[in-house]
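Biologist: I should like to go through this structure step by step, at the level of a first-year student. Shall we begin with its core and then turn to its helices and sheets?

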Amino acid sequence: MELCVSDIFRAIAAAVPERTAIVHRDKRISYAELDERTDRLANLFLSKGIGLRSERKELEDWQSGQDHIAIYMRNRPEYLEVLLGAMKARATGFNVNFRFTHSELAYLLNNARASTIVFESIFAEQIDALVQARNDDDSYKLLLQIGDQSDLGVSGKAKHYETEIITSAATLPDTSPSPDDIFLLFTGGTTGMPKGVLWRQADVITTLIGTKLDSIDALTHRAVERPVQRFLLLPPFMHGTAQWNAMSALFGGNEIHIQHNTDSLQPEEILSQIERESINVISMVGDAFGRPICEALRAGSYDISSLKHVLNSGAILSPEVKAELLDAAPLASIVDTIGASESGPQAKKITAKDELACLKSSSHETKFRAGPTTVVVDESRSKLLAPGHDGEGWLAKRTTIPFGYLDDREKTRATFIKIDGVRYSVPGDRVRLLGDGAIEFCGREATTINSGGEKIFAEEVEAAIRMTPAVEDVIVSSRPSDRWGNEVVAIVQTRAGRTVTDEDVLNECAKHLARFKLPKAIVYVDQVKRGDNGKADIKWAKNLAKATAK
């Protein structure tokens, strides 16, 4: 049985109408309220001609037949309202990085063919400048502005979001959403310009639920019978991980909690919220989130024993961070996931308190258990590799994968390939498929360093350096070398009040890595630069590493 997102959400809302869906500051929105508000929003979109333009069967894999609605805001309930309302109207929302400059924003909106923008008042100036630069009053079908603490009036051609919601019809939208309708997700752009990934909604649902549905009744029964889980989602919704975690929570009839302050990570606020609301699940991105939270744990007195799961993806959580979190929440487990915008989750590992001893090895951080549709393909991407193969291969996924990249035939054909008639997504992760079926993650193609003919994966060097007690954070990059072609450079941030020497770092690395993988230079910085999603700023690191070249 195949469904679309709006079918599932409507069924869950009907089953648990009075249950709380979203909590933000002093606002608590029930499932019934969220269902009604997203119906109103869908009807507003439809009244402006925003929705479906072509059915999927008429399109190529890299084409979209739906209107694209830009979501330009920080984490707040309206973000999820726009995602759901767009799908009910048979349009699709898409993520906009709210840190983008004017030129980056203009590129994204043009590349995405945005017909509508929904934005917070704090971004009104950027939207006004964008519209004026285009010099075309009819370039967007609708501009919706959401009030916020900036306390600015509605600007330019925009309409007030809440006023439009209230005055729009609360009736069921006159649409028939299809499982083939798309979910548009833009990549983060850490290794190039953002690319729009066209997901089929039915495949998103299967990926999130973990299995194909026998019936929607089974899903609603599970939501009714199981205890409510309270999710605190820390990464920005402008990144796919947080969006997918939010949808997964809603599919289970659970509560989504949003930080009060969404401008930056506020560890004390997060811990207080976990304690006050008895949060069961938090999501984060590596040490950029985990270390500040642990520092606040040490400095204060917080009860976070309600935690059952810590969901981590996108970056490594170092062993000492995991140990501190599990000491404070002894019944919790830490779930590390690897995946990509082009594949969804592909492999994971789960660490509980009784497994802390295994964290002493850096190799533990790179080994994952493959999902049921995860495979490894050979260097030429022409065949599948068997467990225990020699060398590295490409991590790939079959069955529930995207159609392709928006308006990009060549990149679609390069990433979404066929082997023996079966279609696979190969986003660019290098791995080994071990004899026991485990996946050993080597690194991203974009961060692989070729030094003297040897491939060195930045992530494995980072994992080894993190074993140094005084190291707070690290990014590994490379610089040109007359002798080796390229050589490894480590950019290290030390822990507050601690000192570390090159010898300390190299001695620790030598315990875990072959000698040719050791850094040839170590740069110490006050703060390792990462994005809002916790992922490394690869361009910054590359420029810093190059500057050390002799």
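Modeller: A nonpolar core is a set of buried Ala, Val, Leu, Ile, Met, Phe, Trp, Tyr and Cys residues joined through side-chain atoms within 4.5 Å. Please keep in mind that the model is predicted.

Biologist: How many residues does the largest nonpolar core have?

Modeller: The residues with the most contacts inside this core are Phe94, Leu109 and Ile117. Leaving aside neighbours within four places in sequence, Leu109 is in contact with Phe94 and Ile117, and also with Ala70, Val96, Ala114, Leu130 and Tyr140. A second, separate core has 24 residues, including Cys294, Ala296, Leu307 and Val310. The count for the largest core is 92 residues.

Biologist: Does His102 count as buried, partly exposed or exposed?

Modeller: His102 belongs to helix α4, which covers residues 102-111. Not counting residues up to four places away in sequence, His102 touches Ala129, Leu130 and Ala133. Buried means under 20% relative accessible area and exposed means over 50%. Because its relative accessibility is 40%, His102 counts as partly exposed.

Biologist: How far apart in space are His102 and Ala315?

Modeller: In sequence, 213 residues separate His102 and Ala315. From C-alpha to C-alpha, their distance in space is 28 Å.

Biologist: Which residue in β2 stands opposite Thr20?

Modeller: Strand β1 (residues 20-24) and strand β2 (residues 27-30) run antiparallel and are joined by 4 bridges. The two strands form a hairpin with 2 residues between them, and Arg25 in the turn has a positive phi of about 55°. Opposite Thr20 in β2 stands Ser30.

Biologist: What span should helix α9 have at 1.5 Å a residue?

Modeller: Helix α9 consists of 12 residues, 240-251. The expected span is 1.5 Å times one less than the number of residues. The end C-alpha atoms of α9 are 16 Å apart, which agrees with the expected span of 16 Å.

Biologist: Why is α9 described as largely enclosed by the rest of the structure?

Modeller: Among the buried residues of α9 are Gln243, Trp244, Asn245, Met247 and Phe251. Just after the helix, Gly253 takes a positive phi of about 70°. The helix is largely enclosed because, of its 12 residues, the number buried is 10.

Biologist: Which strands stand at the edges of the sheet of 5 strands?

Modeller: This open sheet has parallel pairing and the order β4-β3-β5-β6-β7. A strand at an edge has a single partner strand, so one of its sides is left without a neighbour in the sheet. The edge strands are β4 (92-95) and β7 (159-160).

Biologist: What angle does the direction of helix α5 make with that of β5?

Modeller: Strand β3 (residues 68-72) pairs with strand β5 (residues 114-120) in the parallel sense over 5 bridges, and the bridge partner of His68 in β5 is Ala114. Helix α5 (residues 124-134) packs on this sheet and touches β3, β5 and β6 (142-146). Its direction makes an angle with that of β5 of about 155°.

Biologist: In β19, which residue is the bridge partner of Val197?

Modeller: An open sheet of 3 strands has the order β8-β9-β19, with antiparallel pairing. Within this sheet, strand β9 (residues 196-200) pairs with β19 over 2 bridges. The bridge partner of Val197 in β19 is Tyr405.

Terms used
Residues are numbered from 1 along each chain as its sequence is written. This is a predicted model: local features need pLDDT of at least 70, side-chain atom pairs count only at pLDDT 80 or more; totals for chains, interfaces and linings use all residues. Side-chain values use heavy atoms; hydrogens and water are left out. Buried means under 20% relative accessible area, exposed over 50%, partly exposed in between (1.4 Å probe, protein chains only). Contact means heavy atoms within 4.5 Å. Two strands pair if DSSP finds at least two bridges between them. Axes are lines fitted to C-alpha atoms, for helices over the stretch in contact, and angles run from 0 to 180 degrees between N-to-C directions.
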